[in-house]
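Subject: Structure handover and findings

Hello,

Here is the structure we discussed. Please look it over, then read the notes below.

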2 protein chains.
Amino acid sequence: MSDDTAKPRRKPRADSLRNRETLLAAAREVFSEGGPEASLEAVARTAGLGIGTLYRHFPTREALFQAVYLRETDQMVALAESLTELEPEAALRAWMRGFIGMVATKKGMLAALAPALDKDCPTFAEAADRMRAAAARLLERGRQEGVMRDDIAPEEMMRVVVGICYTRDGEGWRETVTRMLDIFIDGLCCTPDAAAAPRAARR
Amino acid sequence: MSDDTAKPRRKPRADSLRNRETLLAAAREVFSEGGPEASLEAVARTAGLGIGTLYRHFPTREALFQAVYLRETDQMVALAESLTELEPEAALRAWMRGFIGMVATKKGMLAALAPALDKDCPTFAEAADRMRAAAARLLERGRQEGVMRDDIAPEEMMRVVVGICYTRDGEGWRETVTRMLDIFIDGLCCTPDAAAAPRAARR
DNA sequence: TGCTAAACGGAGGCATCCTCCGTATAAGAA
DNA sequence: TTCTTATACGGAGGATGCCTCCGTTTAGCA
């Protein structure tokens, strides 16, 4: 596909870019208020733009989500890279705590992330891929040092994290979710003796 | 509250009970077809009843869910009780496999179960309680035999199961979910040496 | 300055949610 | 059986949201 030649004949219009940013800001505000179910018309209203404009920039609700939370995934990647000093297991725990912290403030994030983990949508593809790569690196280090089992794929791990975080409600959700993820990591990190015969293999 | 005295002055009308059943059957059909997002009007249509009738019997979508999937929780309780022959850890694994099997067919079940786990809604209260009690019994046995950690509440465990099951999509979801839950159980069952110093405590 | 591709905006068609209230009917009394 | 009335039924209707389509506006470019 030599679509390099299919360059935009014109510079993108200034109002278009401006409106895109306005919409993103509005979406961030509305979603963090009303959750991921919030009305798209409300987003357009908040942005002071027409609903048609919103749909042209973001054809689906998902596309909007993903655009809104795109930078958040970069934060996760950056966090993962900053943890290389720690032992693999400690790094993994720290990473998950970071994730929990992000989820704590951005309500819509999970809704954006869940579908982005396996579906191939243009907006999110590379970001999701970077995130998966970051997770893979954390896992790989643990494996090489023999402290983490190898029968789990990075995207599977991410799914578990997302899934467990879904259960966030009530007062102490954060403490609970942290503890549940810690238990999961316990299972993920084979103890020296269990390494020989992983417990799950026992049926 | 002496509301025992506030007995219904009349026997409930026969058509009311009949319609309730009709609605439940229709809901079961529609939800298993169109997932938990399916239209309530479609349910009423399928039942051949007015939308108003549906809303009188089930004021919210959640109430309908819960009524539809009420008996499913009883199945889970029964399964748990049938597993007392097994070792605690094996019983827990078997129970979760049973749960996965149920989720595999009933699409709407998770949507019904998630809110039912802590909220106190009249319809589900006792069923949810029985289920929690069943989980508690499984955990307790493991603790008494010293093979399961004690820093997790039964409802917390159920939440993890539900959360991990949320990630069911794509081809091999069932295999993945099973493996993820197995890893979680690995973490839940302290190995003999780890029992002295649970790994999570290491921070 | 004028041309034109690109973007805007919102009306409108459709679906769903949920409420409200006039009508119908089953349960119990006479 | 007949009458009374509490109870349930049904669906119209107002509100809202989704998404599309197209006439109007405007920014880039020559």
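Contact here means heavy atoms within 4.5 Å. This is a predicted model: local features need pLDDT of at least 70, side-chain atom pairs count only at pLDDT 80 or more, and totals for chains, interfaces and linings use all residues. Residues are numbered from 1 along each chain as its sequence is written, chains are lettered from A and ligands numbered from 1 in the order in which they are written, and side-chain values use heavy atoms, with hydrogens and water left out.

**Thr167(B)**

Start with Thr167(B). Leaving out residues up to four places away in sequence, Thr167(B) touches Arg159(A), Gly163(A) and Val177(B). Thr167(B) sits in the loop between helix H9 (154–166) and helix H10 (173–188) of chain B. Helices are DSSP runs of H or I with at least four residues, strands are runs of E with at least two, and both are numbered from the N terminus. Is Thr167(B) buried or exposed? Buried means under 20% relative accessible area, exposed over 50%, and partly exposed in between (1.4 Å probe, protein chains only). Thr167(B) has a relative accessible area of 13%, so the residue counts as buried. A polar atom of the Thr167(B) side chain lies 2.7 Å from the backbone oxygen of Ile164(B). That is a polar contact: a pair of N or O atoms within 3.5 Å; within protein, one must be able to donate a hydrogen and the other to accept it, and residues adjacent in sequence count only if both atoms are side-chain atoms.

**Core**

The largest nonpolar core has 123 residues. Such a core is a set of buried Ala, Val, Leu, Ile, Met, Phe, Trp, Tyr and Cys residues joined through side-chain atoms within 4.5 Å. Which residues touch the most other members? They are Trp95(A), Phe99(A), Trp95(B), Phe99(B) and Met157(B).

Phe99(A) lies in helix H6 (residues 88–105) of chain A. Phe99(A) is buried because its relative accessible area is 2%. Beyond four places in sequence, the contacts of Phe99(A) include Met76(A), Leu113(A), Met131(A) and Cys165(A). Phe99(A) and Met76(A) are 23 residues apart along the chain, with C-alpha atoms separated by 7.1 Å. Met157(B) touches residues including Trp95(B), Leu139(B) and Phe184(B), again not counting residues up to four places away.

A charged residue is buried too. Glu72(A), in helix H5 (residues 70–81) of chain A, has a relative accessible area of 4%, so Glu72(A) counts as buried. Glu72(A) touches Met102(A), Lys106(A) and Met109(A), not counting residues up to four places away.

**Helix H2 of chain B**

H2(B) spans residues 40–47, with Leu40(B), Ala42(B), Val43(B), Ala44(B) and Ala47(B) buried. These buried residues pack against helix H1 (14–34), helix H3 (51–57) and helix H4 (61–68) of chain B. Ser39(B) caps the N-terminal end, with a side-chain oxygen 3.0 Å from the backbone nitrogen of Glu41(B). Gly48(B) follows the helix, with a positive phi near 70°.

**DNA strand C**

A residue is near a strand if one of its heavy atoms lies within 4 Å of it. There are 21 residues around DNA strand C, and Arg13(A), Asn19(A), Arg56(A), Lys11(B) and Arg61(B) come nearest. Sugar and phosphate make up 56% of the strand C atoms within 4 Å of the protein.

- Arg10(A): a polar side-chain atom is 3.2 Å from a base oxygen of strand C.
- Arg56(A): a polar side-chain atom is 2.5 Å from a phosphate oxygen of strand C.
- Leu40(B): a backbone N or O atom is 3.1 Å from a phosphate oxygen of strand C.

H3(A) gives the most to this surface, with five residues.

**DNA strand D**

How many residues surround DNA strand D? The number is 24, and the closest are Lys11(A), Arg61(A), Arg13(B), Asn19(B) and Arg56(B). Sugar or phosphate holds 59% of the strand D atoms within 4 Å of the protein, and bases hold the rest.

- Arg13(A): a polar side-chain atom is 2.9 Å from a base oxygen of strand D.
- Arg61(A): a side-chain N or O atom is 2.5 Å from a phosphate oxygen of strand D.

H3(B) supplies the largest share of this surface, five residues.

Best regards
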